[in-house]
Amino acid sequence: MKTLLKGGRVVDPSQDLDAVCDVLLEDGRVAVVGAAAQAGGAEVIDAKGLVVCPGLIDMHVHLREPGREDEETIESGTRAAVAGGFTAVASMPNTEPPIEGDEGVKFVLAKAHEAGLARVYPIAAVTQGLKGELLAEIGSAVRAGAAGVSDDGKPVENSALMRRALEYSRMLGVPVISHSEDAALSGKGVMNEGPVSTLLGLKGIPDESEEIAVARDIALARLASGRLHIAHASTARALELVLSAKQLGLKVTCEVTPHHFTLTDEAVKEYGTNTKMKPPLRSERDLCALRNALRTGAVDAIASDHAPHSAEEKDQEYDVAPFGIVGLETSLGLALTELYRKRILSLVDLVRLMSTNPAAILGTGGGSLKPGKPADVTLFDPEKEWTVDPSRFYSKSRNTPFSGWQLKGKAVSVIVDGRVLMRDGEMIGEQGETS
Ligand SMILES: [Zn+2]
Ligand SMILES: [Zn+2]
């Protein structure tokens, strides 16, 4: 099976490439990048005016299966991923029951295989049942295919357990992904602590709740010589801590989310419970620091923290609604509109943060269009203007603060393992089409 992507702007940080050329895919692999002379018999996709890049990877999503299939399933979540331009996602283990050990990981991989959409890289629990008491079977989870471990949704509060998890990460070559939060300091807080929380009369979560945990995790990463990845970094000082850890040569990486580089806590006044997430939307100063860190290369990845919740649960008072928003179908549009358009990131840097670096952090294939690499490719139109309409999401959930936003830049075709899953903005397999 051959597919020729003709005349697109090929952006591949792994080869320092940003040039108009052809990409030939053959038998699930990248065959040629350049002038594809031997493309006889190939299905041709006209990529003129489009960016052709290694498949985007969202390294932080919640797929809710098993347990909350009303909110998302591995099938619906990976369909939303493809619609958003992603060829792979890393799924967090805080399902009901949590994903741990080889059985949990095999369940996720089997469901993802059955769905046949975006690839899923399972992240397995650090502690049994995410209870923070005993270490889960990290070794067997990784041997079964887990790409990392995390208790995301909450921190691993016990420093001795976190140290052991980081020791495993060194031995097994996978990251410990940290939801860095001092739970006692966050307390019953529901939004960023500051003038806006005071004005609204809502309980605040101080920056220090994140910074204390990031500092501790970095100290433990040094002690254990482990691999630490800080999820959803949201404050200026958290980023400073990560940067200084990197300068010391520690294996520490971090991600930021589109909502944290787009919105501040001012949004809580306007958008209701779809602005409630952890960590909370921060101050203008933090947002500027995030954008600056993105510009200078201090941030390793952009990840959505896609967190589906039912309308009934989100449609409650701010104090009781659950934390989290969906992100798979708005992430690329927000990155292009808020970072590329505003000259914070070049396209090469954007693809590095959304594909090449996540692949390297997780140690998975992909993230590159070098010949021989898996034929996972995203084609997006950086000029396409569109309006966010949650009623058209492929995700089962609609909890986004970006409803009605005008964005510029959208994925139009997505290829996973050589299979065209979205073409010219249409999902294959729908409206009578077959794949
Ligand atoms: Zn988290
Ligand atoms: Zn999360």
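At 9% relative accessibility, D305 counts as buried, because the limit for that label is a relative accessible area under 20%. The model in which D305 sits is a predicted one, and this aspartate is a useful place to enter it, since D305 supplies an oxygen donor (OD) to the zinc ion (ligand 2). The other donors to that ion are H60 and H62, each through NE2, and D152 through OD, with the four lying at 2.0 to 2.2 Å. Along the chain, these donors of the zinc ion (ligand 2) follow the spacing H-x1-H-x89-D-x152-D. The pair H62 and D305 therefore joins distant parts of the chain, 243 residues apart, with H62 in the loop between β6 (56-61) and α1 (74-83) and D305 in the loop between β15 (301-302) and α12 (311-314). H62 is buried as well, with a relative accessible area of 4%.

The geometry of the site deserves a closer look. Around the zinc ion (ligand 2), the four donor atoms subtend angles of 83 to 169°, and the arrangement is irregular because of these angles. The zinc ion (ligand 1) lies 3.5 Å from the zinc ion (ligand 2), and D152 coordinates both.

From the metal site we turn to a helix. Helix α2, which covers residues 101-115, has 15 residues and reaches 22 Å from its first C-alpha to its last, close to the 21 Å expected at 1.5 Å a residue. Its buried residues are G101, G104, V105, V108, A112 and A115; they cover an arc of only 95° around the axis, which means that they lie on the same side of α2. These buried residues pack against α1, β7 (86-91), β8 (119-124) and α3 (138-143), whereas the face of α2 turned away from its buried side carries the exposed residues E103, K106, H113 and E114. Just after α2, G116 takes a positive phi of about 65°.

The interior can be described through its nonpolar cores. In soluble globular proteins, nonpolar side chains tend to be buried together. Here the largest nonpolar core has 80 residues, of which V252, L294 and I302 touch the most other members, and helix α14 (residues 347-362) gives the most to this core, with six residues. Leaving aside its neighbours within four places in sequence, I302 is in contact with a set of residues that includes V256, P258, F261, L294, L339 and M354. A second, separate core has 19 residues, with L5, V10, A47 and I415 among them.

Note on methods
Residues numbered from 1 in each chain as written. Chains lettered and ligands numbered in written order. Predicted model: local features only at pLDDT ≥ 70, side-chain atom pairs only at ≥ 80, totals over all residues. Heavy atoms only, no water. Donors = N, O, S within 2.8 Å, 3.2 Å for Na, K, Ca; no water. Tetrahedral: all angles 85-135°; square planar, octahedral: opposite > 155°, others 65-115°. Helix = DSSP H or I, 4+ residues; strand = E, 2+ residues; numbered from the N terminus. Buried < 20%, exposed > 50% of the residue type's maximum accessible area, 1.4 Å probe, protein only. Expected span 1.5 Å × (residues − 1). Arc of directions from axis to C-beta. Contact = heavy atoms within 4.5 Å. Core = buried A, V, L, I, M, F, W, Y, C linked by side-chain atoms within 4.5 Å.
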